[in-house]
Amino acid sequence: MRILLVEDDPQIGSAIASALDDAGMAADWVTDGNAALASVDAGAFELILLDIGLPKKDGLSVLKSIRQKRNNIPVIIITARDAVEDRIAGLDLGADDYLVKPFLVDELLARLRAVTRRHSGSTQPLLSNAEFTLDPAGKAVTFQENDLELTGKEYRLLHSLLLTPGRIFSREELEEKVYGWEEEVSSNAIEFLIHGLRKKTSKQAIKNVRGMGWMVPKA
Ligand code: CA
């Protein structure tokens, strides 16, 4: 993922650039509004992190100009703590989200993921624990990094469990999630599905808690 970082403060800029680098994202860093617009015109970026207070051309003008060109690249604006009106103006000009200084790197990365997700048309994040990864958008599941072929019901059962790893789901809850209200469910249907899932993964992948139900272990 290639990101255009527009930030004139050298300390904040280099901190963000190295955080993005650590997270495996390539960041190109420019320090004024004119350079930002030139970079947007020249380069293939997937997202812009845009400070508002910038030399030459402020961030709001940069954003306005990007959107006037009908460029819908995701933009996250970076504003000062007390600049509520900048955030409002930025969102109204077409920013996808904002960050308030000072912010934690983890928050920055989470917002990047969320904005990218929304932009790609998927509002659901990946569900996972230590062993499973489930992509609700692509309906793809992996176990220990190997692709899994699941039946529709196995998928729904696993999806329910992975929404909250570590939580125990009772038989009734799982039946409701997998079969809905309408379907007739045989008494051992959930055991049958879990048996199938364990055969495709491992015995420990889905844990039974005697008398209470089933869970997938927390990451
Ligand atoms: Ca600034």
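Q: Is Asp8 buried, partly exposed or exposed in this predicted model?
A: The relative accessibility of Asp8 is 32%. Buried means under 20% and exposed means over 50%. The value for Asp8 is 32%, so this residue counts as partly exposed.

Q: Is Asp51 buried or exposed?
A: Asp51 has a relative accessibility of 3%. The cut-off for buried is under 20%. At 3%, Asp51 therefore counts as buried.

Q: Which residues coordinate the calcium ion?
A: The donors follow the spacing D-x42-D-x1-G along the chain. Their distances to the ion are 2.2 to 2.3 Å. Two give OD atoms and one gives O. The residues are Asp8, Asp51 and Gly53.

Q: How many residues apart are Asp8 and Asp51?
A: Both coordinate the calcium ion. Asp8 sits in the loop between β1 (2–6) and α1 (10–22). Asp51 belongs to strand β3 (residues 47–51). The pair links distant parts of the chain, and the separation is 43 residues.

Q: Which strands stand at the edges of the open sheet?
A: The sheet has 4 strands in the order β6-β7-β8-β9, with antiparallel pairing. An edge strand here has a single partner, so one side of it is left without a neighbour in the sheet. The edge strands are β6 (127–128) and β9 (146–148).

Q: Which residue in β9 stands opposite Phe143?
A: Strand β8 covers residues 140–143. It pairs with β9 in the antiparallel sense over 3 bridges. Opposite Phe143 stands Asn146.

Q: What angle does the direction of helix α6 make with that of β7?
A: Helix α6 (residues 152–163) packs on the sheet. It touches β6, β7 (132–135) and β8. Its direction makes an angle with that of β7 of about 110°.

Q: Which residues of the largest nonpolar core touch the most other members?
A: Nonpolar side chains tend to be buried together in soluble globular proteins. This core holds 25 residues. β7, β8, α6, α7 (171–179) and α8 (189–200) each supply at least two of them. The residues with the most contacts to other members are Phe132, Val141, Leu157 and Leu158.

Q: Which residues does Leu158 touch, leaving out those up to four places away in sequence?
A: Leu158 is among the core members that touch the most others. Its partners beyond four places in sequence are Phe132, Leu134, Val141, Leu150, Leu197 and Val216.

Q: How many residues are in the other core?
A: This core lies apart from the largest one. Its members include Val40, Ile52, Ile66 and Ile73. The count is 19 residues.

Q: Why do the buried residues of α2 lie on the same side, and what arc do they cover?
A: In helix α2 (residues 33–42), the buried residues are Gly33, Ala36, Leu37, Ser39 and Val40. Their cover includes β1, β2 (26–30), β3 and α3 (59–68). On the other side, Asp41 and Ala42 are exposed. The buried residues lie on the same side because their arc around the axis is only 160°.

Q: Which peptide bond is cis?
A: Most peptide bonds are trans. Here one has omega near -5°. Its proline, Pro102, lies in the loop between β5 (97–100) and α5 (105–119). The cis bond runs from Lys101 to Pro102.

Q: What is the phi of Arg70?
A: Most residues other than glycine have a negative phi. Arg70 is in the loop between α3 and β4 (75–79). It is exposed, with a relative accessible area of 80%. Its phi is positive, about 60°.

Technical notes. Residues are numbered from 1 along each chain as its sequence is written. This is a predicted model: local features need pLDDT of at least 70, side-chain atom pairs count only at pLDDT 80 or more; totals for chains, interfaces and linings use all residues. Side-chain values use heavy atoms; hydrogens and water are left out. Two strands pair if DSSP finds at least two bridges between them. Helices (H or I, at least four residues) and strands (E, at least two) are DSSP runs, numbered from the N terminus. Contact means heavy atoms within 4.5 Å. Axes are lines fitted to C-alpha atoms, for helices over the stretch in contact, and angles run from 0 to 180 degrees between N-to-C directions. Donors are N, O and S atoms within 2.8 Å of the metal (3.2 Å for Na, K and Ca); water is not among the atoms, so sites may look incomplete. Buried means under 20% relative accessible area, exposed over 50%, partly exposed in between (1.4 Å probe, protein chains only). A nonpolar core is a set of buried Ala, Val, Leu, Ile, Met, Phe, Trp, Tyr and Cys residues joined through side-chain atoms within 4.5 Å. The arc is that of the directions from the helix axis to the C-beta atoms.
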